[in-house]
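Trainee: Hi, do you have a few minutes to look at a model with me? I'd like to go from the overall picture down to single residues.

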Amino acid sequence: MAEGDRKEWKIPQHVAIILDGNGRWAKAKGMPRNMGHVEGAKAVEVICEEAYRMGIQYLTVYAFSTENWTRPKDEVDALMKLLRNYMKTCLKTAEKNRMCVRVLGEKSRLDADIRERIQELEEATKDNDGLHFQIAINYGGRDEIVRAMRHIGQDIQRGVLTPQEITEQLVSGYLDTHDIPEPDLLIRTCNEQRISNFLLWQLAYTEFYFTPVAWPDFDKGELVKAVEAYNHRDRRYGKVSEEEV
């Protein structure tokens, strides 16, 4: 698509990304898997800036799933160390770019110091008016829905809610993503074509974009390709636009 045509693009309000391929990227280069995660964290910083420049308002990334605890202990430990360091980096980036940061997922399993850093990051950035950046950590879509149902059940027991009041809108309000619009576009890197328990409720009407590019190599150009593909979709009917046929 020509540069001039981009002025006519519809920019997705909310983009979600499954950051896949860090380990495979490192292996292909003869590096330890952990180096892939380090480079992947750098790619997140780049895409946050580029997304906001393009006019994307919400960006949600899948950083660590509930299933990732089953990985080898040394890899999990390295990921937790990287997460600790990233919290510091993210705070500096948020201050510079006025980014509003929110962490999705069940935080109780995380170490106390990580939970404290998450709380500090969310509190320090909550009034920022730049990119709304969500990081899914110890997150699983099914777990999120189960936790929401438990809270709804507790409110019914307390008498503040009746079963008849349960609607899709009400359920959405109990999810980790309450007050966040549902994603318009989901990107998954490294050629995998599944959603892996990510935002199961929220992706009901989302456009999917899959790319063979591993996450550490995902840059501005790749983001542009994803948004271009999004613009070839007819959001009213969930099909390729007639002019593209």
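Mentor: Happy to. One term before we start: contact means heavy atoms within 4.5 Å. Keep in mind too that this is a predicted model.

Trainee: Okay, so what covers the buried residues of H7?

Mentor: The cover includes helix H2 (33–54), along with strand E5 (185–188), strand E6 (207–210) and strand E7 (233–234).

Trainee: And which residues of H7 are buried?

Mentor: Helix H7 runs over residues 220–230, and its buried residues are Glu222, Leu223, Val224, Ala226, Val227, Glu228 and Tyr230.

Trainee: Which residue caps the N-terminal end of H7?

Mentor: Asp219 does, with a side-chain oxygen 3.2 Å from the backbone nitrogen of Gly221.

Trainee: Lys225 isn't in your buried list. Where does Lys225 stand, and why?

Mentor: Lys225 is part of helix H7. Its relative accessible area is 44%, so Lys225 counts as partly exposed; the partly exposed class lies between the 20% and 50% limits. If you want a distance to check on screen, the C-alpha atoms of Lys225 and Tyr209 are 9.5 Å apart, with their positions 16 residues apart along the chain.

Trainee: Let's zoom out. How many helices and strands does the protein chain have?

Mentor: There are seven helices and eight strands in the protein chain. The radius of gyration is 19 Å, close to the 18 Å from the globule rule for 245 residues, so the chain is as compact as a globular protein of that length. Its C-alpha trace spans about 60 × 45 × 35 Å along the principal axes.

Trainee: What share of the residues is buried?

Mentor: Of the 245 residues, 47% count as buried. The accessible surface is about 13,200 Å², and carbon and sulfur atoms make up 48% of that.

Trainee: What about contacts between residues 24 or more positions apart?

Mentor: Taking contacts with a separation of 6 or more, 74% are between residues 24 or more positions apart.

Trainee: And the charges, how many positive and negative side chains are there?

Mentor: The protein chain carries 35 positive and 41 negative side chains, and the centres of the two sets lie 4 Å apart.

Trainee: Now some single residues. Is Asp20 buried or exposed, and why?

Mentor: Asp20 is buried, because its relative accessibility is 14% and the buried class is under 20%. You'll find Asp20 in the loop between strand E1 (14–18) and helix H1 (22–28).

Trainee: Which side chain does Asp20 have a polar contact with?

Mentor: The side chain of Arg188, at 2.9 Å. Beyond the neighbours within four places in sequence, Asp20 touches Arg188, Thr189, Cys190, Glu192, Ala214 and Trp215.

Trainee: I'd like to see the loop between E5 and E6 next. Where is Asn197?

Mentor: Asn197 sits in that very loop, between E5 and E6. With a relative accessible area of 15%, Asn197 is buried. A polar contact of 3.2 Å links its side chain to that of Glu67. Contacts of Asn197 outside its neighbours within four places include Tyr62, Thr66, Tyr139 and Arg142.

Trainee: And Ala204, buried or exposed?

Mentor: Ala204 counts as exposed, at 53% relative accessibility. Ala204 belongs to the loop between E5 and E6, and its C-alpha atom is 8.6 Å from that of Glu182, 22 residues away along the chain.

Trainee: I was also checking backbone angles. What is phi of Asn191?

Mentor: Near 70 degrees, a positive value in a residue other than glycine. Asn191 lies in the loop between E5 and E6 and is partly exposed, with a relative accessible area of 49%. Arg98 has a positive phi as well, about 55 degrees, although it is not a glycine. Arg98 is in the loop between helix H3 (73–97) and strand E3 (100–104), and its relative accessible area of 39% makes Arg98 partly exposed.

Trainee: Last one: how far apart are the C-alpha atoms of His151 and Phe210?

Mentor: They are separated by 34 Å, and the two residues are 59 apart along the chain. His151 is found in helix H5, residues 141–157, and is partly exposed at 38% relative accessible area.

Terms used
Residues numbered from 1 in each chain as written. Predicted model: local features only at pLDDT ≥ 70, side-chain atom pairs only at ≥ 80, totals over all residues. Heavy atoms only, no water. Helix = DSSP H or I, 4+ residues; strand = E, 2+ residues; numbered from the N terminus. Buried < 20%, exposed > 50% of the residue type's maximum accessible area, 1.4 Å probe, protein only. Polar contact = N/O pair within 3.5 Å; in protein donor to acceptor, adjacent residues only side chain to side chain. Rg over C-alpha atoms; globule rule 2.2 N^0.38 Å. Areas by Shrake-Rupley, 256 points an atom, 1.4 Å probe, with all protein chains shown as cover. Lys, Arg positive; Asp, Glu negative; His and termini not counted. Charge placed at Lys NZ, Arg CZ, Asp CG, Glu CD.
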